[in-house]
Amino acid sequence: MSDMNFKVSEVYGQAPLKEPQRQLYFIEKCREFVSQIKPEGKPLMLVNTFGCQMNAHDSEKLKGMLLEMGYGEAKSEEEADFIIYNTCCVRENAENKVYGNLGQLKHLKKENSRLKIALCGCMMQQETVIETIKNKYNYVDLVFGTHNLYKLPELLYTAFNSKEPVYEIKTEHGEIVENLPSVRNFEYTASVNIMYGCDNFCSYCIVPYVRGRERSRKPEDILNEIKELVNDGVKEVCLLGQNVNSYGKGLEEKITFAELLRMVNEIPRLERIRFMTSHPKDLSDELIFAMRDCEKVCSHIHLPFQAGNDEILKKMNRHYTKEQYIALTEKLKKYVPGVGITTDIMVGFPGEYDVDDTVDIIKRVRFSGAFTFIYSKRVGTPAAKMPNMPDEKLVKKNFNRVLEVLNPIIFEINSEKVGKTYKVLAEGISGHDKNLLIGRLEDNTLIHFKGNIENIGKIINVKVTDSKTFYLLGEQEDL
Ligand code: SAH
Ligand code: SF4
Ligand code: F3S
């Protein structure tokens, strides 16, 4: 064994077995490598995120660990010495985007011999993807999945010491690891995981296969994290889970999501609470009442309905009917005044030849926002084997019909706000226009407004002056 190998095995021998101590130890070990990468200064890293808020939040954790190792943040892939893609596989085009970008990295690697490339996230939990990467993208140095994201320091240390690419994909999740370094993408708003995974197995969806079984974090860990965020200046938290309404399942302590909301609502100096995503089948009266009672809980709910037709909903394994969904939204409107209801809609599921019921839901509920998707076949899900795929032309036509009904309603809801004043958390300077600030109303509507930059981070009164389809324009009162 060479000296180097001896040193490396000694490092592993001395590593603590418990987490997070083990990863903190490897962060220190990586720091020695990182400090030697670039004689002229700090090496730079770039985390490229695909997919949902879960991934965006995971990327904050990846970034936090890399900064602790001594990396600086790169502004572009060209200047980076370490690039990590945190991937998504919910639809085929999400995967294609990753492959497309990855193809471009090959020439960067030729130009910068120091460049290391890593892939992680949902896509990596699929065997076929791993095969493709091994065969077609053999210049990737490190690959890991969703269940061992917290192990980045240890895996990177292994990659630094290995001539071969390092692959570590776990099919089973382990314990939830708390208290690793993290950074925030935004100063005054923060995401907080309350649970991981999903047990719902909607028949079209790959998420339960790549994110594993549902497990909830302990309430005290969640509350402590939020208290620390508040001490650090955060005013608004978004509680994250694939189905927050079933929070608490499997925990020793009996607790529901509504009870958790009431506990979070008691945290001093926290001003706003949001949560994502709610599954209609688990939306209880208890939760609606908690939304009504807790002054910090924003009057907004993201409640995906996917499709309107009862037969289709059944084949999707969603466990509610069109009328049940509409009744839920009516109850929400009754108890939570001014509630903004947003949703996810999917068009083109096997057997869906028309969107009459989908359009009916849109008209009756009047959503203030929606993500719309065309169904994408995911290998390994039950829907992938279902017959009666509607043809592409029909799907496009149905999809456009949905947008034609949806967008004017969103615009109308926004227009009704013109001339009125709302409480807005000023989050920062608008990306569109440097003279404007950006923020959100309680119901989650985005607003660009004239305001004093000294008020960034505060909740202020903003008068709406104009409406666009997807956002509002306004002016701070008493400016
Ligand atoms: N857990 C969340 C959604 C996670 S995925 C929920 O249940 O609401 C986000 C959205 O992607 C879904 O709501 C659905 O509309 C869409 N989606 C999931 N799988 C899809 C597929 N195979 N094709 C097209 N859209 C899909
Ligand atoms: Fe997918 Fe359904 Fe779970 Fe949402 S609830 S992540 S759509 S399986
Ligand atoms: Fe999210 Fe995509 Fe994974 S939607 S959970 S990043 S498959």
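**Ligand 1 and the sheet of strands 12, 13 and 14**

Thr 343 has Ala 370 of strand 14 as its bridge partner. The structure is a predicted model. Strand 13 and strand 14 are joined by six bridges and run parallel. Strands of a sheet pair through backbone hydrogen bonds, in either a parallel or an antiparallel manner. Here, three strands make up an open sheet with parallel pairing, in the order 12-13-14. Strand 12 (300–302) and strand 14 are the edge strands, each of which pairs on one side only. Averaged over the sheet and with direction ignored, neighbouring strands are turned by 10° against each other.

Ligand 1 is surrounded by 15 residues, of which Gln 242, Pro 304, Gln 306, Asp 344 and Ser 376 come nearest. By class, the shell around ligand 1 holds seven nonpolar, four polar and four charged residues.

Polar contacts to ligand 1 involve both backbone and side-chain atoms. A nitrogen atom of ligand 1 lies 3.0 Å from a backbone N or O atom of Tyr 204. A polar atom in the side chain of Gln 242 is 2.8 Å from a nitrogen atom of ligand 1. For Asp 344, an N or O atom of the side chain lies 2.6 Å from an oxygen atom of ligand 1. Ligand 1 taken alone exposes 540 Å², and the protein buries 90% of that area. The elements that contribute two or more residues to the shell are strand 13 (340–347) and strand 14 (369–374). These two strands, joined to each other by six bridges, thus link the description of the sheet with that of the ligand shell.

Conventions: Residues numbered from 1 in each chain as written. Chains lettered and ligands numbered in written order. Predicted model: local features only at pLDDT ≥ 70, side-chain atom pairs only at ≥ 80, totals over all residues. Heavy atoms only, no water. Near = heavy atom within 4 Å. Polar contact = N/O pair within 3.5 Å; in protein donor to acceptor, adjacent residues only side chain to side chain. Areas by Shrake-Rupley, 256 points an atom, 1.4 Å probe, with all protein chains shown as cover. Helix = DSSP H or I, 4+ residues; strand = E, 2+ residues; numbered from the N terminus. Nonpolar A, V, L, I, M, F, W, Y, C, P; charged D, E, K, R; others polar. Pairing = 2+ DSSP bridges. Axes fitted to C-alpha atoms, helices over the stretch in contact; angles between N-to-C directions.
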